[in-house]
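Trainee: Got a minute to go through this one with me? I'd like to start with how the parts fit together.

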Amino acid sequence: MELPAAEPYKIKMVEPIYRSTRKEREQWIREAKYNLFNLRSEQVYIDLLTDSGTGAMSDRQWAAVMTGDESYAGSSSFYHLKETISLLFGFDYFLPTHQGRAAENVLFSVLVKEGNIIPGNSHFDTTKGHIEFRQATAADCTIYESLDPENLHPFKGNVDLDQLKNVLEAHARESIPFIILTLTCNSSGGQPVSMQNIREVKALADQYGIPLVFDSARFAENAWFIAHREAGYERKTIQEIVLEMFSYADAMTMSSKKDGIVNIGGFIATRKKEWYDQACTFNIMFEGFVTYGGMAGRDMNALAVGLMEVLEDDYLTSRIGQVQYLGEQLSKYGISVQKPYGGHAIFVDAKAFLPNVCQEEFIAQTLCVELYLESGVRAVEVGTLMADRDPITRENRYPQLEFMRLAIPRRVYTNLHLDVVATALKNVYDRRLAVTSGYKIVMEAPILRHFTIELERVVM
Ligand code: F0G
């Protein structure tokens, strides 16, 4: 019999977690205005809010922390990271930033102007936020298959080339500063983009003379899917696949809090000197001097190690295997989730789960609150709240799919924790038809509202 892909590490340090009572949770979620971002972490038992900055660093990363160089300028940790980025991605120019959205802020300050169109595959909410904040438009060209949770297309993060071509045809070259590919595509369920699709997008980009940028937060997970699902890549190492992926890009923004396996950090890397030169000024204004950009030297050192560890096939197989494990548990209970299971999270189809709640009352958010009340498990809404209002009409944007995302931190929880999550959700599923109403908004911010929104129960 083949041996299971157990975790390729053992646990050296533990952090106690508290199992609260339902009565406590009822009070806490009320006080949090039914926004799970407002909960204190002690009020959460198993935290699947995000896989961002929540991973466990290795002993080698902690050792690198101790040798970090905290010089303001010219830190050896900066050069350690710069060499690693050049080796892995092939980019010679690199700027550290304090996290992924800061990289977007700096690079988009150079590239995005009012009235621009930025096509891509389901832009992440901060990416879209930084585009719309500059009075520009994000054009989503993801393949239609991504909208059907049961469709087993192996690369549901792919771009639909006809849609992309239509956008490129419909606008002047000067109004499209770049195309952005998100790898893996978080908003459509942690779904990968195939190498073939990357290559085809690159060919179209070249044809129209438009640069290509990667939002690379989960680049290694994307590469693992290519290795395991795409013909011709089965014998390549993850490192080889990553190098090929990025050979098609002009630049990358990175949230190191995901596949860098560090708790904070981000960066921009590019092969375009003119972009780098302009970005330096914004980096100094918004982030810090070009050799630290909002990161401590010790954090840059830990990131350089994390970027190498994340490429290990044993690590990725066990990490993605754990996400698949949760997906299988839920499917076994008849719960509809985005399939194939994604790389970092399971996306539960909230519309199918709660058929008696209307979209105006925020179905996925209602499900997140129910799961929290049941078990103290914290998930996140990827639905109408996250979709924000249309920047022009100010009407709610109702996405076709309402997801509750269960994101799994890297190297943090065991499969027994995930059994708790699955059982809790099954309990909610058993009483789902009794949930007939959701929430209404009492306070919201003009952009990226889901982080700070305040809600009230709709009483029937
Ligand atoms: N791009 C993608 C694809 C992301 O998933 C995120 C963050 C960012 C950019 C922004 O990076 O958080 O470092 O500023 N995603 C987190 C999440 C917040 O929970 O999925 P950041």
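Mentor: Sure, one term to begin with: buried area is the accessible area, with a 1.4 Å probe, that two parts lose on being put together, summed over both. And keep in mind that this is a predicted model.

Trainee: Okay, so how much do domain 1 and domain 2 bury between them?

Mentor: About 2900 Å², and 52% of that is on carbon and sulfur atoms.

Trainee: Which residues does each domain cover?

Mentor: The domain assignment puts 22–51 + 312–457 in domain 1 and 59–309 in domain 2. Their C-alpha centres are 26 Å apart. The contact draws on 35 residues from domain 1 and 40 residues from domain 2.

Trainee: And which residues in domain 1 lose the most area to domain 2?

Mentor: Gln-338, Pro-340 and Arg-410, which together make up 18% of what that side buries.

Trainee: Switching to the ligand: which residues come nearest?

Mentor: There are 16 residues around the ligand, and Thr-50, Arg-101, Asp-215, Ser-255 and Lys-258 come nearest. By class, that shell has eight polar, seven charged and one nonpolar.

Trainee: Which helix gives the most to the shell?

Mentor: H4, residues 100–111, with three residues.

Trainee: How far is Arg-101 from an oxygen atom of the ligand?

Mentor: A polar side-chain atom of Arg-101 sits 2.6 Å from a ligand oxygen. For Asn-186, a side-chain N or O atom is 2.9 Å from an oxygen atom of the ligand, and Arg-218 also has a side-chain N or O atom 2.9 Å from a ligand oxygen.

Trainee: How much of the ligand's accessible area does the protein cover?

Mentor: 94% of the 470 Å² that the ligand has on its own.

Key: Residues numbered from 1 in each chain as written. Predicted model: local features only at pLDDT ≥ 70, side-chain atom pairs only at ≥ 80, totals over all residues. Heavy atoms only, no water. Near = heavy atom within 4 Å. Polar contact = N/O pair within 3.5 Å; in protein donor to acceptor, adjacent residues only side chain to side chain. Areas by Shrake-Rupley, 256 points an atom, 1.4 Å probe, with all protein chains shown as cover. Helix = DSSP H or I, 4+ residues; strand = E, 2+ residues; numbered from the N terminus. Nonpolar A, V, L, I, M, F, W, Y, C, P; charged D, E, K, R; others polar. Domains from an automatic or database assignment. Contact = heavy atoms within 4.5 Å.
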